[in-house]
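Student: Please take a close look at the place where the protein meets the DNA. Then follow the chain inward from there. Short sentences would help me.

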Protein chains: 2
Amino acid sequence: MDKYDCLKIENQLCFPLYACSKEIIRHYKPFLDEIDLTYTQYIAMMVLWEKKCLSVKELGSCLYLDSGTLTPVLKKLEAKGYIERKRCEADERSLNVTLTDEGEKLKDSAAEIPPKMGSCVNLSPEEAGELYRLLYKILSNVNQ
Amino acid sequence: MDKYDCLKIENQLCFPLYACSKEIIRHYKPFLDEIDLTYTQYIAMMVLWEKKCLSVKELGSCLYLDSGTLTPVLKKLEAKGYIERKRCEADERSLNVTLTDEGEKLKDSAAEIPPKMGSCVNLSPEEAGELYRLLYKILSNVNQ
DNA sequence: TGCAATTAGATTGTGTACAATGTAATTGTA
DNA sequence: TACAATTACATTGTACACAATCTAATTGCA
């Protein structure tokens, strides 16, 4: 165990996280292509399907994304007709994002994706649960 | 449990993976700034510090990255003077990537980063080990 | 109440990611 | 041994991600 061992990629925890995240997202692509969404657009829609209406700031804190990333993503979703972007009347700084009927309708096609994805992650339910717990434990710490 | 529950972001495994990966990489930034590397450049250097010399293809399979991503990353590392890129004499299609003395020297500064990062992931050694195991289990499956 | 500080989004610039395609070198085989 | 198929890398185009900065609206406090 020399002082450089910590630099070996196989001793890193961040690297398999990074690689895993990318590889799984890559496996989403063929399914997401069918409903013409990218992964980022998909997770934004996922929050909207649940919350119906929220500000860019709220969406950003759900997704760990800032306005620099979300503004163009939301403009694309608006161009596709899935959402509406409207300044909040009570506070003009804030932008309300809401689902259109088309956006709401998309939920049915999207609901077919998670079951199809399940097979690419070969973990037992217990392992998946443990992974989930560990990831959220890190996330809760990383944000103080 | 209705048919849309699978679409809730808190029921997804991919989302915390994606968010965790990004958040941890973001925490690397101040440390990586000190040695003027991005995260992608850092993991490429990590493989080189270990293997000394390898082709773009080999590097790509270590990092789960293709030439479209690696070519510009490696050109930047070459411009910084940390690596050399030279066509393989035995097979001109292949490009050999090797460390320069400057690149080798960088290893000492880089070795200070992993210990500093440890504190941002508040997992016990057992939990970190389990997370590591689960991530590599997924990675081994995702690539058939 | 006036105005400095804060806040919410948008913009800009840099750096990945990756699919699709292009090019040149090498291989396999009829 | 020609030449089609394959391989390695580079290029192009699209889409994030994020730091830094900008603008306009709102808040807080002297």
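**The surface around the DNA**

Tutor: Six elements each supply at least two residues of the surface near DNA strand C: α1 (14-34), α3 (56-63), α4 and β2 (83-87) of chain A, together with α2 (39-51) and α4 of chain B. Helices (H or I, at least four residues) and strands (E, at least two) are DSSP runs, numbered from the N terminus. A residue is near a strand if one of its heavy atoms lies within 4 Å of it.

Two notes on reading the model. Residues are numbered from 1 along each chain as its sequence is written, while chains are lettered from A and ligands numbered from 1 in the order in which they are written. The model is predicted, and local features need pLDDT of at least 70, side-chain atom pairs count only at pLDDT 80 or more, totals for chains, interfaces and linings use all residues, and side-chain values use heavy atoms, with hydrogens and water left out.

Stay with DNA strand C. There are 30 residues around it, and A:Y18, A:K57, A:T71, A:R85 and B:T38 come nearest. Of the atoms of this DNA strand that come within 4 Å of the protein, 79% belong to sugar and phosphate. Sort the residues of this surface by class: 7 are nonpolar, 10 polar and 13 charged. Here Ala, Val, Leu, Ile, Met, Phe, Trp, Tyr, Cys and Pro count as nonpolar, Asp, Glu, Lys and Arg as charged, and the others, Gly among them, as polar.

Now look at single polar contacts. A polar contact is a pair of N or O atoms within 3.5 Å; within protein, one must be able to donate a hydrogen and the other to accept it, and residues adjacent in sequence count only if both atoms are side-chain atoms. A polar backbone atom of A:V56 is 3.2 Å from a phosphate oxygen of DNA strand C. At A:L95, a backbone N or O atom lies 3.0 Å from a phosphate oxygen of this strand. B:Q41 uses its side chain: a polar atom there lies 2.9 Å from a phosphate oxygen of DNA strand C.

Turn to DNA strand D. Of the 30 residues around DNA strand D, B:Y18, B:K57, B:T71, B:R85 and B:L95 come nearest. Sugar and phosphate make up 78% of the atoms of DNA strand D within 4 Å of the protein. The classes here are 7 nonpolar, 10 polar and 13 charged residues. Chain A reaches DNA strand D too. An N or O atom in the side chain of A:T38 is 2.8 Å from a phosphate oxygen of DNA strand D. A:Q41 has a polar side-chain atom 3.1 Å from a phosphate oxygen of DNA strand D. For A:E92, a backbone N or O atom lies 3.0 Å from a phosphate oxygen of that strand. The elements giving two or more residues to this surface are α2 (39-51) and α4 (67-79) of chain A, with α1 (14-34), α3 (56-63), α4 (67-79) and β2 (83-87) of chain B.

Go back to A:L95. It belongs to strand β3 (residues 95-99) of chain A, where side chains alternate. A:L95, A:V97 and A:L99 point to one face and are buried, while A:N96 and A:T98 point to the other and are not. Buried means under 20% relative accessible area, exposed over 50%, partly exposed in between (1.4 Å probe, protein chains only).

What does β3(A) pair with? Strand β1 (residues 53-55) of chain A runs antiparallel to β3(A), joined by 3 bridges. One partner of A:C53 in these bridges is A:T98. β2(A) is also antiparallel to β3(A), with 5 bridges. There, A:I83 has A:L99 as its bridge partner. Two strands pair if DSSP finds at least two bridges between them.

Last, the aromatic rings. Rings of Phe, Tyr and Trp (its six-membered ring) pair if their centres lie within 6.5 Å; planes under 30 degrees apart count as stacked, over 60 as edge-to-face and the rest as tilted. The count is 14 aromatic pairs over all chains. A:Y28 and A:Y42 make a tilted pair, 5.7 Å centre to centre with 50° between the planes. A:Y28 lies in helix α1 and A:Y42 in helix α2 of chain A, so the pair ties together parts 14 residues apart in sequence. Both A:Y28 and A:Y42 are buried. A:F15, A:Y18, B:Y28, B:Y39, B:Y42 and B:Y64 form one aromatic cluster. That cluster brings us back to A:Y18, listed among the residues that come nearest to DNA strand C.
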